[in-house]
Structure formats: C-alpha cells, structure tokens
Amino acid sequence: MEATVLPEVTSLGVIIKAIIILAIISAVAGFGTYIERKILAFMQRRLGPMHVGPFGLLQIAADGIKLFTQEDIIPQNANKFIFQIAPAITAATAFIALAAVPVFPDFTIPEFIPLLGGTFVPSIAADINVGILFILGMMASGLYGPLLAGMAQANKWGIIGSARTAIQFLSYEVVTGLSILAPIMLVGSLSLVDFNEYQAGGIGSWLIWQQPVAFVLFLIAGFAETNRTPFDLLEHEAEVISGYATEYSGMRWGMFFIGEYANMITVAILASVMFLGGYNDLGFIAGWFIIIGKIAFFFFLMLWVRASWPHIRPDQLMWLCWKVLMPLAMINILITAIVVMI
Amino acid sequence: MSLEEFKNRNVGEQSYKMLDLKHTPKSSMGKFGQVVERTVKGELFVGLWVTLREMGNALFKDNMHTIKYPLEKLPISPRYRAIHDMLRLLESGHYRCIGCGLCEKICISDCIKMDTRYDENQRKEVSEYTINFGRCIFCGYCAEVCPELAIVHGGRYETASEQRASFSLFEDMLTPIDALKQQKEYDGFGAVSPNADDNIKQTPLAY
C-alpha cells in the first residue's frame, strides 16, 4: 500500500481543503437550486427562471438576497432555542460528513503562488479509517434537524413532518448500512480512498459490476436519505404544507435547503466513489473531470427522478424498505460472503 | 395549438385512449406476482424515458409550452368578445357606420352614446360616438345588431385601466386609414356564418 510516498499532510493543507469544500459545495448547493428548477422546467416543457440575468442565471443571487433579507420569524409557543439551532444541525452535519469524503484528487499548490505555494492539499480533509461509517453516521444525525425543527414549532404540520422523519429514518437506515456492507467486505476497508484505489484498473474494475444489487439498493436508500422524490415524505407540499419547514423563513429555511443539497452532493460522491470508479483517471480523461461528470450525473438523476416519478406513502416506504430491500440486501451479503470465503 | 383546434368546441369528438387497468389481485400469490411483474417490467424506466424525451423535444425541437405572456400572446377565438373595433369599407376607406343607432338602442348596459348629423352631401355622418368600457359587459349585441358589420368585437382583451370608467372614442376604435390593408374581415360574433349561402332561401316575389 505504501508504494508511493505522499508529501506530508500539513494542517495548512487540511484547512485549505476545508475551505475549498465549504466554498465549492455551498456554491454548488446554491447553483443546484437553479439547475433543479431549470431541469424540472425543461422536463415539463416550461422555461424555468428566465428573467434575472441571461437565462435566469442570476436567480441564485436574487434568491440569496431574498433569503438573507427576509424577516426571521420565530412563531409563538415555539421552543425558541431548539427552533433556532435545528437548521444549523442539518447544514453543519451535511458539511461535516463531507470532511471524510474525497472530493478531488490530491494536488500541490504551485510554487509561484505567494504564501500558500508548495502546500500539499490532500484529496480528503480527514482520512479517518472509519470513513464510510463516519459519513453515514453524520448524514443520519443530520435528520435530527428536521426531527427537532418539526417538534419545536407549535404547528401540526411540523409535528407530522417530524413523525415522518422518524418513519423514514427507521426505514432506510437499515438498507443503507446493509447495502454497502457487501462492497466493504470486498474492499476490506472503510476508507473511501481504499475504495478508490480498489477500482483503479479502469471501467472493468468498477464495483458496480461486482455489486449491482448493492448499487441499486444504495441508490434507493440515498434517495430516501436526502429526502428526494419518490421518498420526499418530510416536506411534501400537497400533504403536509411543508412538513418540518412550515414555520421557517429566511436564512434558517435556507440552511435546511443548503443542507439538503449538500447531502445530495455527498450521496452523489459516495455512489460514484464506491461503485463507479471514483476519481481515477479513465484513459486520457483526467480524474477530477471524471468525478465531476459522475457527480453531475447522479445529481441529474435525482432531478430526473423527481420530474418523472410520483412519491410514495410513508407506509409504502416502510413496506419497501423492510419487506423488499432489506431481504435483498441480506441475500446480497450472504452471496458476497460465500464468494469471498471461497 | 392551432387556431382550428382552438375553435373546435365539440367535446366528445376527440379520440380518447382507455387505460388498461388490471384487476387488483386477491390472493397473496397474486400480490407477489404483481410485485415481481412491476419490478421486472421496468415501467419506472418508461417514466424516466418520457420525461427525458419531453426535455429533448422542448429544448431541441422547439416544443416549449411556455408563452412569455406580455411578449407573446396565444391566438384567441374570433368569437371572443373583447374591445370593439370600428371597421372601414375596403373600397373607399370610409367608415362603415351608417349612423342607424341600432347599437345604441340595443345596448343593455347603456354604454354606447352616439350623435349623428347630415353632412354636405346629405349623407348621415357620425359626429360623436363613445363606448363607456366601465359599463360595457361585452355581451356582443351591438356587433350582432349592426347591419353593416361596422362595429365588431376585436381581440384586444387587456382592458385594465387607470380610471374607473374608461371611454373610447370612435377614432380610437376605427381602423387607421393607413392600416386599411391589414383590416381583416370579421368572422366572429354577429358575422355572417360561413355556410350562409346554403341557409338563404329565395324570396318569394309573388307577394
């Protein structure tokens, strides 16, 4: 494993990486709202945002100004403290989860840049040996955001929203864990860097060919984890107004949104690193370009699915996860274990 | 949507497609079979394909549904009754109104006011003609009663006004003389129907 000698990871490099992650992901999360509105619009033969800037590109700025300047209303009878920190939980855990995700390959800042020149920036901010567990744990604890937010506001839709959060959490979390257990057994590590190196040998070595069932299961669980259609039970407007976010306004509501989009990106990165070959070079195409393409594909897939499929009832989600997906995941693990043993 | 489709108000002539709805399975084996069938059938991917195809059509085949309203407008039916137009004779360019006053008489909301006099050729001439659009209910009686198809309903449906009562003068509604060539013959409310010739019977001259 220690064939190539990597430069020493300094704290400065980690800080730079953290800033890159924060800046890029929150910018992309903001831009994601624009992309989502545009793609949904195109799929429904509409135009989407058109009037702010060319092709509506400055819509993000308009939305941002609106969110920042909106009054921060805390409703009567709400539990003030919990109501205030709940959005921070969602946003913070989404970004903490990204700390253990390799987003781009390693690089060294060129020497000609003053002050920072020569700093080695690692691919991953914190290469802890329980990487995947940490990420999944963080994303799961992110659900405390909706849960607490819904219960802290004195609003029945909020209560229903948090009840649905609990249902959703109970349903998909088993499938997430079990579905990635099989690839973890194959790779023999929880670190996403090891996952990436395992699939370094071109398209043929991608884990999706060895673990197609695990890939599909993980994708389904990922959709549930990020509250995307068809599993957007928490805030489905047609049923529960806006669920846990009913009473929120301004930047607190925006933080829920940024958290959701950051989670979408995390799931996209996880799926592409664990199953689709990660950020390895593919022939002549550079690794960073490949990984952006894969992440973009998964992001697009989420919007595409939202435009195409209806969403399901909470009891259907539970039925699906416990009666269909979990047995499938168990069978998948058994078969993988037998193959690994032999 | 083309204007012809738009004008077709005969509900029931369209060819409806009936959905092939199967019966809900009763036995648990039947339910299991339904789950397996739905899992394997790939109907979800058909759904994905449909939205992707529509996106391709919208983006590359100019099949976008949005009308940018103040900049673009949908065609409206010729039978729509909006702000009135005063038409001219195509040959002479003179306005068609003969000052008979039928529209003023028939107007049920009393919003048409007209005055006539004889000009130097002893022809009747409209000296004053106003429609109070604050009162007009756009019933279309004036256009229907007009013997000369002089007053007709146009397509200008944006009638918001800064005043509570907004009057229109004869000259505002009259086709501008330099736009005479663009004047369209009115086939809407009160106009002669397309099959008018078939409906006309010969007048018995005997009596």
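Domain bounds, as used on this tour, come from an automatic or database domain assignment, and the model you have open is a predicted one.

Begin by selecting chain B and colouring residues 28–60 as domain 1 and residues 83–191 as domain 2, which is how the domain assignment divides this chain. If you mark the centre of domain 1 of chain B and that of domain 2 of chain B, each taken over C-alpha atoms, you will find that 58 Å separate them.

Next, bring chain A into view beside chain B and select the residues where the two chains touch: 9 residues come from chain A, and 14 residues come from chain B. On the chain A side, look for α1 (11–43) and α12 (287–308), the elements that each give two or more residues to this contact. Of the elements there, α12(A) gives the most, with 3 residues. Colouring the chain A side by class will show 6 nonpolar residues, 1 polar residue and 2 charged residues.

Now return to chain B and select the strands β2, β3 and β5, which form an open sheet in that order, with antiparallel pairing. At the edges of this sheet lie β2 (112–118) and β5 (167–169) of chain B, each of which pairs on one side only. Neighbouring strands of the sheet are turned against each other by 15° on average, with direction ignored.

Finally, focus on β3 (residues 124–132) of chain B and its partner β5(B), where the antiparallel pairing runs over 3 bridges. To see a bridge at residue level, select Thr130(B) together with Leu169(B), its bridge partner in β5(B). In general, strands of a sheet pair through backbone hydrogen bonds, so displaying the backbone is a suitable way to end this stop.

Key
Residues are numbered from 1 along each chain as its sequence is written. Chains are lettered from A and ligands numbered from 1 in the order in which they are written. This is a predicted model: local features need pLDDT of at least 70, side-chain atom pairs count only at pLDDT 80 or more; totals for chains, interfaces and linings use all residues. Two residues are in contact if their C-beta atoms, placed from the backbone, lie within 7 Å. Helices (H or I, at least four residues) and strands (E, at least two) are DSSP runs, numbered from the N terminus. Ala, Val, Leu, Ile, Met, Phe, Trp, Tyr, Cys and Pro count as nonpolar, Asp, Glu, Lys and Arg as charged, and the others, Gly among them, as polar. Two strands pair if DSSP finds at least two bridges between them. Axes are lines fitted to C-alpha atoms, for helices over the stretch in contact, and angles run from 0 to 180 degrees between N-to-C directions.
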